[in-house]
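Let's take a friendly walk through this model, from one helix out to its surroundings. Keep the structure open beside you as you read.

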Amino acid sequence: MAKEDRKQQILETAINVFAEQGYYKTTTAQIAQVVGITQPYVFHFFKTKEDLFIAVLQQSVQRIAGLFKEVEAPAEQLMDQMGAAFYDLLDTHRDETLLSMQAFTTAEPIIRQKVQEGFAHIHQVVKEKFERAKIPQPGFQASSFIGLGMTAVMSKVLELPELSPYCEQD
(Lines give C-alpha, C1' and ligand atoms only; values in the text may rest on other atoms or scores of the structure.)
Protein backbone atom coordinates (compact mmCIF):
# COMPACT_ATOMS: atom_id res chain seq x y z
CA MET A 1 0.00 0.00 0.00
CA ALA A 2 1.31 3.47 -0.88
CA LYS A 3 2.51 5.63 2.00
CA GLU A 4 -0.25 8.25 1.57
CA ASP A 5 -2.91 5.54 1.33
CA ARG A 6 -1.64 4.01 4.58
CA LYS A 7 -1.69 7.42 6.26
CA GLN A 8 -5.30 7.93 5.17
CA GLN A 9 -6.18 4.43 6.37
CA ILE A 10 -4.77 5.31 9.79
CA LEU A 11 -6.80 8.54 9.80
CA GLU A 12 -10.02 6.75 8.84
CA THR A 13 -9.46 4.09 11.49
CA ALA A 14 -8.66 6.76 14.09
CA ILE A 15 -11.95 8.49 13.29
CA ASN A 16 -13.87 5.29 14.02
CA VAL A 17 -11.97 4.43 17.19
CA PHE A 18 -12.08 7.99 18.57
CA ALA A 19 -15.81 8.14 17.81
CA GLU A 20 -16.44 4.84 19.57
CA GLN A 21 -14.25 5.36 22.65
CA GLY A 22 -13.56 9.09 22.87
CA TYR A 23 -10.24 10.89 22.84
CA TYR A 24 -9.11 9.94 26.33
CA LYS A 25 -9.85 6.21 26.16
CA THR A 26 -8.36 5.72 22.70
CA THR A 27 -4.73 4.66 22.34
CA THR A 28 -2.51 4.66 19.28
CA ALA A 29 -1.88 0.97 19.99
CA GLN A 30 -5.61 0.27 19.52
CA ILE A 31 -5.65 2.20 16.26
CA ALA A 32 -2.56 0.35 15.03
CA GLN A 33 -4.13 -2.99 15.92
CA VAL A 34 -7.31 -2.22 13.96
CA VAL A 35 -5.28 -1.08 10.93
CA GLY A 36 -3.06 -4.16 11.22
CA ILE A 37 0.22 -2.29 11.66
CA THR A 38 2.61 -1.64 14.50
CA GLN A 39 2.24 1.30 16.86
CA PRO A 40 5.65 2.70 15.80
CA TYR A 41 4.32 2.85 12.23
CA VAL A 42 1.47 5.08 13.44
CA PHE A 43 4.12 7.32 15.00
CA HIS A 44 5.90 7.44 11.64
CA PHE A 45 2.98 9.54 10.38
CA PHE A 46 1.73 11.14 13.59
CA LYS A 47 4.20 11.95 16.38
CA THR A 48 1.55 11.82 19.14
CA LYS A 49 -2.07 10.87 19.71
CA GLU A 50 -2.80 14.61 19.83
CA ASP A 51 -1.27 15.03 16.36
CA LEU A 52 -3.44 12.22 15.04
CA PHE A 53 -6.59 13.68 16.58
CA ILE A 54 -5.70 17.13 15.20
CA ALA A 55 -5.24 15.60 11.73
CA VAL A 56 -8.75 14.15 12.01
CA LEU A 57 -10.09 17.57 13.01
CA GLN A 58 -8.28 19.33 10.17
CA GLN A 59 -9.60 16.84 7.63
CA SER A 60 -13.13 17.41 8.89
CA VAL A 61 -12.82 21.21 8.91
CA GLN A 62 -11.55 21.15 5.32
CA ARG A 63 -14.42 18.87 4.29
CA ILE A 64 -17.05 21.07 5.97
CA ALA A 65 -15.58 24.34 4.67
CA GLY A 66 -15.23 22.87 1.18
CA LEU A 67 -18.81 21.66 1.25
CA PHE A 68 -20.10 25.12 2.16
CA LYS A 69 -17.97 26.74 -0.55
CA GLU A 70 -19.47 24.42 -3.17
CA VAL A 71 -23.13 25.16 -2.41
CA GLU A 72 -24.63 27.45 -5.01
CA ALA A 73 -28.14 28.79 -4.48
CA PRO A 74 -30.03 32.08 -4.59
CA ALA A 75 -29.68 34.16 -1.41
CA GLU A 76 -33.16 33.26 -0.18
CA GLN A 77 -32.34 29.53 -0.42
CA LEU A 78 -28.64 29.58 0.45
CA MET A 79 -28.90 28.82 4.18
CA ASP A 80 -31.39 26.01 3.60
CA GLN A 81 -29.23 24.48 0.86
CA MET A 82 -26.09 24.72 2.99
CA GLY A 83 -27.95 23.24 5.95
CA ALA A 84 -29.25 20.35 3.86
CA ALA A 85 -25.72 19.73 2.53
CA PHE A 86 -24.37 19.67 6.09
CA TYR A 87 -27.11 17.27 7.18
CA ASP A 88 -26.19 15.00 4.26
CA LEU A 89 -22.55 15.20 5.39
CA LEU A 90 -23.66 13.90 8.77
CA ASP A 91 -24.91 10.82 6.93
CA THR A 92 -21.88 10.27 4.69
CA HIS A 93 -19.12 11.22 7.20
CA ARG A 94 -20.96 10.86 10.47
CA ASP A 95 -18.16 9.99 12.88
CA GLU A 96 -15.71 12.49 11.45
CA THR A 97 -18.22 15.34 11.51
CA LEU A 98 -19.53 14.52 14.98
CA LEU A 99 -15.98 14.32 16.34
CA SER A 100 -15.10 17.73 14.97
CA MET A 101 -18.34 19.34 16.11
CA GLN A 102 -17.92 17.99 19.65
CA ALA A 103 -14.13 18.34 19.95
CA PHE A 104 -14.43 21.65 21.81
CA THR A 105 -15.20 19.55 24.89
CA THR A 106 -11.67 18.09 24.84
CA ALA A 107 -9.63 19.93 27.47
CA GLU A 108 -6.15 19.49 25.96
CA PRO A 109 -4.90 23.03 25.17
CA ILE A 110 -3.47 22.27 21.72
CA ILE A 111 -6.64 20.46 20.69
CA ARG A 112 -8.77 23.28 22.04
CA GLN A 113 -6.68 25.75 20.02
CA LYS A 114 -7.06 23.71 16.82
CA VAL A 115 -10.80 23.41 17.35
CA GLN A 116 -10.98 27.18 17.86
CA GLU A 117 -9.05 27.74 14.63
CA GLY A 118 -11.28 25.26 12.79
CA PHE A 119 -14.53 26.85 13.91
CA ALA A 120 -13.13 30.31 13.12
CA HIS A 121 -12.27 29.12 9.62
CA ILE A 122 -15.70 27.61 9.03
CA HIS A 123 -17.33 30.79 10.36
CA GLN A 124 -15.22 32.89 8.00
CA VAL A 125 -16.14 30.71 5.01
CA VAL A 126 -19.85 30.92 5.83
CA LYS A 127 -19.68 34.66 6.53
CA GLU A 128 -17.94 35.33 3.21
CA LYS A 129 -20.50 33.16 1.41
CA PHE A 130 -23.32 35.17 3.00
CA GLU A 131 -21.56 38.46 2.20
CA ARG A 132 -21.31 37.51 -1.49
CA ALA A 133 -25.00 36.58 -1.44
CA LYS A 134 -25.74 39.98 0.14
CA ILE A 135 -27.45 38.39 3.13
CA PRO A 136 -27.92 41.09 5.81
CA GLN A 137 -25.77 40.82 8.94
CA PRO A 138 -23.56 38.08 7.47
CA GLY A 139 -21.47 37.62 10.65
CA PHE A 140 -24.53 37.21 12.84
CA GLN A 141 -26.19 34.95 10.28
CA ALA A 142 -23.03 32.82 10.04
CA SER A 143 -23.02 32.40 13.82
CA SER A 144 -26.72 31.49 13.78
CA PHE A 145 -26.11 29.03 10.96
CA ILE A 146 -23.32 27.32 12.91
CA GLY A 147 -25.64 27.17 15.93
CA LEU A 148 -28.22 25.39 13.78
CA GLY A 149 -25.46 23.00 12.72
CA MET A 150 -24.72 22.24 16.35
CA THR A 151 -28.43 21.53 16.85
CA ALA A 152 -28.34 19.19 13.86
CA VAL A 153 -25.39 17.37 15.44
CA MET A 154 -27.21 17.09 18.75
CA SER A 155 -30.22 15.73 16.86
CA LYS A 156 -28.06 13.00 15.30
CA VAL A 157 -26.17 12.10 18.48
CA LEU A 158 -29.31 11.89 20.59
CA GLU A 159 -31.31 10.27 17.79
CA LEU A 160 -33.98 12.95 18.07
CA PRO A 161 -34.71 13.94 14.46
CA GLU A 162 -37.39 16.36 15.58
CA LEU A 163 -34.63 18.61 16.98
CA SER A 164 -33.00 18.99 13.59
CA PRO A 165 -33.63 22.27 11.80
CA TYR A 166 -33.18 20.36 8.53
CA CYS A 167 -35.76 17.61 8.89
CA GLU A 168 -39.29 17.69 7.64
CA GLN A 169 -41.52 19.14 10.34
CA ASP A 170 -45.27 18.56 10.60
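Which residues of α6 are buried? They are E96, T97, L98, L99, S100 and M101. Keep in mind that this is a predicted model. The helix itself covers residues 94-102, and its buried residues pack against α1 (3-21), α4, α5, α7 and α8 (138-157). Two of these buried residues, E96 and M101, make good guides to the rest of the structure.

Begin with E96, a glutamate with a relative accessible area of 3%. What does E96 pair with? Its partner is R63, and the salt bridge between them has its closest N and O atoms 2.6 Å apart. The two residues come from distant parts of the chain: R63 belongs to helix α4 (residues 49-70), E96 to helix α6, and 33 residues separate them. Their surroundings can be compared through the cut-offs: residues under 20% relative accessible area count as buried and those over 50% as exposed, with partly exposed in between. R63 has 28% relative accessibility, so R63 is partly exposed, whereas E96 at 3% is buried.

Now turn to M101, which also sits in helix α6. Its relative accessibility is 6%, and therefore M101 counts as buried. What does M101 touch beyond its neighbours within four places in sequence? Its contacts there are I64, F86, F119, G149, M150 and V153. As a further landmark, the C-alpha atoms of M101 and V115 are separated by 8.7 Å, with the two residues 14 apart along the chain.

M101 also leads us to some empty space. How many cavities of 30 Å³ or more does the structure hold? A search of the whole structure finds two. The largest holds about 80 Å³ of space. M101 helps to line this cavity, together with I64, F68, F86, F119, I122, F145, I146 and G149. The elements α4, α7 and α8 each give two or more residues to that lining, and α8 gives the most, with three. By residue type, the lining divides into eight nonpolar, one polar and no charged.

The second largest cavity has about 60 Å³ of space. Its lining is made up of L57, S60, V61, I64, S100, M101, A103, V115, G118, F119 and I122. Here the elements giving two or more residues are α4, α6 and α7. Eight of the lining residues are nonpolar, three are polar and none is charged. M101 appears in the lining of the largest cavity and again in that of the second largest, as do I64, F119 and I122.

From the cavities we can move on to the cores. In soluble globular proteins, nonpolar side chains tend to be buried together. In this model, the largest nonpolar core has 25 residues, and F68, M82, F86, V126 and F130 have the most contacts inside it. At least two of its residues come from each of α4, α5, α6, α7 and α8, and α5 gives the most, with seven. F86 is a good place to look closely: leaving out residues up to four places away in sequence, F86 touches I64, L67, F68, T97, M101, G149, A152 and V153. There is also a second, separate core of 24 residues, which includes F45, I54, A55 and V115.

Finally, let's return to the charged pairs. How many salt bridges are there in the whole structure? The search finds six, and the pair of R63 and E96 is one of them. Another joins E72 and K129, with an N to O distance of 3.4 Å. This pair too links distant parts of the chain, since E72 is in the loop between α4 and α5 (75-92), K129 is in helix α7 (residues 109-132), and 57 residues separate them. E72 is exposed at 66% relative accessibility, but K129 is buried at 7%.

A further salt bridge joins K127 to E131, with the closest N and O atoms 4.0 Å apart. Why can these two be linked to the turn of a helix? K127 and E131 are four residues apart in helix α7, so about one helical turn separates them. An α-helix has 3.6 residues a turn, so residues three or four places apart point the same way. Both residues are partly exposed, K127 at 25% relative accessibility and E131 at 38%.

Key: Residues numbered from 1 in each chain as written. Predicted model: local features only at pLDDT ≥ 70, side-chain atom pairs only at ≥ 80, totals over all residues. Heavy atoms only, no water. Salt bridge = Lys/Arg side-chain N within 4 Å of Asp/Glu carboxyl O. Buried < 20%, exposed > 50% of the residue type's maximum accessible area, 1.4 Å probe, protein only. Contact = heavy atoms within 4.5 Å. 1 Å grid on protein atoms, 1.4 Å probe; cavity = no way out; pocket = protein on both sides within 12 Å on 5 of 7 lines; lining within 4 Å. Points joined across faces, edges and corners; volume = space filled by probe spheres on them. Nonpolar A, V, L, I, M, F, W, Y, C, P; charged D, E, K, R; others polar. Core = buried A, V, L, I, M, F, W, Y, C linked by side-chain atoms within 4.5 Å.
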